[in-house]
Amino acid sequence: MKSQRQGYFSQDEWVNCMTSFGVDTLDKLKKILPAFEKEARNVANFDDFYAFAFRYCLTEEKQKNLDIETVCALLDLVLGFQYPSQIDFFCQYLKLQSDYKVISMDQWMGFLSFCKEINFPDLKNYDPNCAWPLIMDNFVEWMQEREK
C-alpha cells in the first residue's frame with residue numbers, strides 16, 4: 001500500500017492501492033487478500049517486500065535502525081518460512097552478543113543475501129573477504145566457535 005506510517009493508511013493511500021488492484025467492494029477485497037500474500041512471497045518481489053518490512057517498522061521520523069528484539073520478530077515473520085535455521089541461530093547470536101544494540105538497513109539486507117548465498121550450517125562457501133556487513137563476519141565467527 002506504500003503507506004508512510006506503520007499501522008496507518010491515509011485515505012489516499014488506501015484508495016490508490018485498492019484502485020490499482022481493481023477493488024471497489026468488500027467482496028472483491030476478500031477475494032484478493034490471498035493474492036497479496038502470494039505476491040509478497042513471489043521471488044521477483046521478495047527483496048522489495050523484505051526491505052519494505054524493515055522500513056515499515058521504523059516508527060519515528062528520523063529512525064534508521066531497529067532494535068534486536070524487533071529484528072528477530074520481524075525476521076521470523078518475513079523469512080521464518082524459508083530460512084528457519086538461519087534465523088534461529090542469527091537471533092541467538094544477536095541476543096547473546098553485546099556489540100550491536102540495533103540493526104541498520106544494510107545489515108538487514110546483508111542477512112537476506114547471506115541466507116540466499118551461503119550454505120548453512122556448514123558455511124563453507126562464506127568468504128570473509130567479500131563485502132559482507134561486519135555483523136555477518138562476526139556471526140560466522142560465532143557459528144564456527146560454536147562448532148568447536
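What follows is a dialogue between a visitor and a guide about reading features of a predicted model.

Visitor: Where should I start, and how many helices and strands does the chain have?

Guide: Start with the order of elements, keeping in mind that this is a predicted model. The chain holds 7 helices and 2 strands, and along the sequence they come in the pattern α-α-α-β-α-α-β-α-α. The C-alpha trace spans about 60 × 30 × 25 Å along its principal axes.

Visitor: What share of the residues is buried, and what share of the exposed area comes from carbon and sulfur atoms?

Guide: Of the chain's 148 residues, 39% count as buried. The chain exposes about 9800 Å², and 51% of that area is supplied by carbon and sulfur atoms. For contacts between residues at least 6 apart in sequence, 57% join residues at least 24 apart.

Visitor: How do I read the two sides of a helix, and which residues of α1 are buried?

Guide: The general idea is that an α-helix has 3.6 residues a turn, so residues three or four places apart point the same way. In this structure, helix α1 covers residues 11–20, and its buried residues are E13, C17 and M18. Because these residues cover an arc of only 120° around the axis, they lie on the same side of α1. The face turned away from that buried side carries the exposed residues Q11, D12, N16 and T19. Just after α1, G22 takes a positive phi of about 70°.

Visitor: How do I read a buried aromatic residue such as W108, and which residues is W108 in contact with?

Guide: One begins with accessibility and then lists the partners that are remote in sequence. W108 lies in helix α6, which runs over residues 105–117, and with a relative accessible area of 1% W108 is buried. Leaving aside neighbours within four places in sequence, W108 is in contact with Y50, A51, F54, V71, L74, L75, V78 and I103. The pair W108 and F54 shows how sequence and space can be read together: they are 54 residues apart in sequence, while their C-alpha atoms are 7.6 Å apart in space.

Visitor: Where in the loop between α6 and α7 should I look at the backbone angles?

Guide: Two places deserve a look, one for omega and the other for phi. The peptide bond from F120 to P121 is cis, with omega near 15°, and P121 is placed in the loop between α6 and α7, the latter being residues 134–147. L123 is in the loop between α6 and α7 as well, and its phi is near 60°, a positive value in a residue other than glycine. With 5% relative accessibility, L123 counts as buried.

Visitor: How do I read charge pairs, and how many salt bridges are there?

Guide: In general, side chains of opposite charge can pair when their charged atoms come close. Here the count comes to 4 salt bridges. In one of them, the side chains of D47 and K116 meet at 2.5 Å, N to O. Because D47 lies in helix α3 (residues 43–56) and K116 in helix α6, this pair ties together parts that are 69 residues apart in sequence. Both residues are partly exposed, D47 at 31% relative accessibility and K116 at 45%.

Visitor: Which other pairs can I inspect?

Guide: K148 and E145 form a salt bridge at 3.5 Å, N to O, and K148 counts as exposed at 77% relative accessibility. E147 and R146 meet in another, at 3.9 Å, N to O. In that pair, E147 counts as exposed at 57% relative accessibility, whereas R146 counts as partly exposed at 39%.

Visitor: What can be said of D137, and which side chain of opposite charge is nearest to D137?

Guide: D137, which is placed in helix α7, is buried yet has no salt bridge, and the nearest side chain of opposite charge, K148, is 15 Å away. Apart from neighbours within four places in sequence, D137 is in contact with Y126, P128 and W132.

Visitor: How are the charges arranged over the chain as a whole?

Guide: One can compare the mean positions of the two signs. For this chain, the mean positions of the 16 positive and 23 negative charges are 5 Å apart.

Methods: Residues are numbered from 1 along each chain as its sequence is written. This is a predicted model: local features need pLDDT of at least 70, side-chain atom pairs count only at pLDDT 80 or more; totals for chains, interfaces and linings use all residues. Side-chain values use heavy atoms; hydrogens and water are left out. Helices (H or I, at least four residues) and strands (E, at least two) are DSSP runs, numbered from the N terminus. Buried means under 20% relative accessible area, exposed over 50%, partly exposed in between (1.4 Å probe, protein chains only). Contact means heavy atoms within 4.5 Å. Accessible areas come from the Shrake-Rupley method with a 1.4 Å probe; for residues, only the protein chains shown count as cover. Lys and Arg count as positive and Asp and Glu as negative; His and the chain ends are not counted. The place of a charge is taken as NZ of Lys, CZ of Arg, CG of Asp or CD of Glu. The arc is that of the directions from the helix axis to the C-beta atoms.
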